[in-house]
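Me: I should like to work through this structure by question and answer. Please begin with the term needed for the charged residues, and then proceed element by element.

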Amino acid sequence: MNVLKEEKNLWKKGFKNVAGLDEAGRGPLAGPVTACAVFVYNKFKISPELKKIKDSKKLNPKKREEFYKILKAHSQVEWGIGQVSEKVIDKINIFEATKLAMEKAIKDLERKLNKRKINFLILDGNFKINSKISQKSIIKADSKVFSVMAASIVAKVTRDRIMMRLDRKYPRYKFFIHKGYPTKLHQKLLKKYGPCRIHRKSFEPVRNLRNK
């Protein structure tokens with residue numbers, strides 16, 4: 001499979017500044033939603049160590065960290081990060097918060113590119129964000145499109161590191177294990193201690209516990 005096919009087709013059409021977008025953290029009961037926008041220069045070639053890159057969900061934590069380090073060190077890859085807190089998620093809902101995180105990621109990427117403007121976006125899923133930039137949504141793009149695969153890994157590693165830091169602040173919930181996702185362990189601890197500041201109060205079962 002040619003995972004650079006989408007990017008190459010867009011480059012041929014004159015869209016030289018293409019970014020792939022993905023997020024991590026739509027499903028958890030706690031913490032922020034994190035998005036990443038990845039840009040690769042149009043002379044980019046997939047090096048041997050990147051040929052086995054996959055959607056972050058298909059990689060174990062060790063492999064995600066390995067790919068993250070390779071991508072970070074690569075001279076032809078740049079990315080931006082956007083985060084939206086649990087408080088904002090509760091105000092505007094997770095879908096809108098995800099789109100907002102992606103918009104922030106694009107702005108962060110453009111800052112890193114010295115204000116070089118992104119002119120096309122590839123999104124994982126079947127939705128579009130609130131942007132004037134031309135965009136294309138592809139189902140399972142995180143398994144087909146290189147820049148989106150890379151974005152899925154960077155978003156996931158970035159968010160996991162955030163949750164590891166938050167674990168030190170709220171150790172009783174063991175965020176270092178489940179990263180805020182609704183595992184049996186997390187729900188057991190949530191029932192035992194009740195929600196903390198970083199729990200998403202609009203999400204079940206957090207909302208149900210607060211209403212008791």
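Reply: A salt bridge is a side-chain nitrogen of Lys or Arg within 4 Å of a carboxyl oxygen of Asp or Glu. The model discussed here is a predicted one.

Me: Asp22 is buried yet has no salt bridge; which side chain of opposite charge is nearest?
Reply: Asp22 belongs to strand E1. A salt bridge requires the nitrogen and the oxygen to lie within 4 Å. For Asp22 the nearest side chain of opposite charge is 5.3 Å away, and it is that of Lys57.

Me: With which side chain does Lys57 meet in a salt bridge at 3.3 Å, N to O?
Reply: Lys57 is exposed, as its relative accessible area is 65%. Its partner counts as buried, at 4% relative accessibility. The two side chains meet at 3.3 Å, N to O, and the partner is Asp55.

Me: Which residue do shared salt-bridge partners join into one network with Asp55 and Lys57?
Reply: Side chains of opposite charge can pair when their charged atoms come close. By the salt-bridge rule, the structure has a count of 13. Salt bridges that share partners link Asp55 and Lys57 into one network with Asp142.

Me: Which helices hold Arg64 and Asp160, and how many residues apart in sequence are the parts that the pair ties together?
Reply: The side chains of Arg64 and Asp160 form a salt bridge, 3.8 Å from N to O. Arg64 is in helix H2 (residues 61–73) and Asp160 in helix H5, so their pairing ties together parts of the chain whose separation in sequence is 96 residues.

Me: Is Arg64 buried or exposed, and what is its relative accessible area?
Reply: Buried means under 20% relative accessible area. Asp160, the salt-bridge partner of Arg64, counts as buried at 12% relative accessibility. Arg64 is buried too, and its relative accessible area is 8%.

Me: By about how much of the helix are Lys112 and Asp108 separated?
Reply: Lys112 and Asp108 form a salt bridge whose closest N and O atoms are 3.6 Å apart. Lys112 is partly exposed at 39% relative accessible area, whereas Asp108 is buried at 14%. Because the two residues are 4 residues apart in helix H4, their separation is about one helical turn.

Me: What is the order of the strands in the open sheet?
Reply: Strands of a sheet pair through backbone hydrogen bonds, either parallel or antiparallel. E1 pairs with E4 in the parallel sense over 4 bridges, while E2 (residues 33–40) pairs with E3 in the antiparallel sense over 8 bridges. The pairing in this open sheet of 5 strands is thus mixed, and the order is E3-E2-E1-E4-E5.

Me: Which strands stand at the edges of the sheet, each with a single partner strand?
Reply: One side of each edge strand is left without a neighbour in the sheet, because each has a single partner strand. E5 pairs with E4 in the parallel sense over 5 bridges. The edge strands are E3 (77–84) and E5 (134–138).

Me: Which residue in E5 is the bridge partner of Phe120?
Reply: In E4, Phe120, Ile122 and Asp124 point one way, Leu121 and Leu123 point the other way, and all are buried. Leu121 is the bridge partner of Ala19. Across to E5, the bridge partner of Phe120 is Ser134.

Me: At about what angle does helix H4 run to E3?
Reply: Helix H1 (residues 5–12) packs on the sheet, touching E1, E2, E4 and E5, and its direction makes about 160° with that of E4. Helix H4 (residues 94–112) lies across E1, E2, E3 and E4, and its angle to E3 is about 140°.

Me: Leaving aside neighbours within four places in sequence, which residues are in contact with Thr158?
Reply: Thr158 lies in helix H5 (residues 146–169), and at 14% relative accessibility it counts as buried. The C-alpha atoms of Thr158 and Glu65 are separated by 9.8 Å, although the two are 93 residues apart along the chain. Beyond its neighbours within four places, Thr158 is in contact with Thr34, Tyr68 and Ile81.

Me: How many disulfides does the structure hold?
Reply: Cys36 is buried, with a relative accessible area of 0%. Cys196 is likewise buried, at 10%. The number of disulfides in the structure is 0.

Methods: Residues are numbered from 1 along each chain as its sequence is written. This is a predicted model: local features need pLDDT of at least 70, side-chain atom pairs count only at pLDDT 80 or more; totals for chains, interfaces and linings use all residues. Side-chain values use heavy atoms; hydrogens and water are left out. Two strands pair if DSSP finds at least two bridges between them. Contact means heavy atoms within 4.5 Å. Axes are lines fitted to C-alpha atoms, for helices over the stretch in contact, and angles run from 0 to 180 degrees between N-to-C directions. Buried means under 20% relative accessible area, exposed over 50%, partly exposed in between (1.4 Å probe, protein chains only). Lys and Arg count as positive and Asp and Glu as negative; His and the chain ends are not counted. A disulfide is a pair of cysteine sulfur atoms within 2.5 Å.
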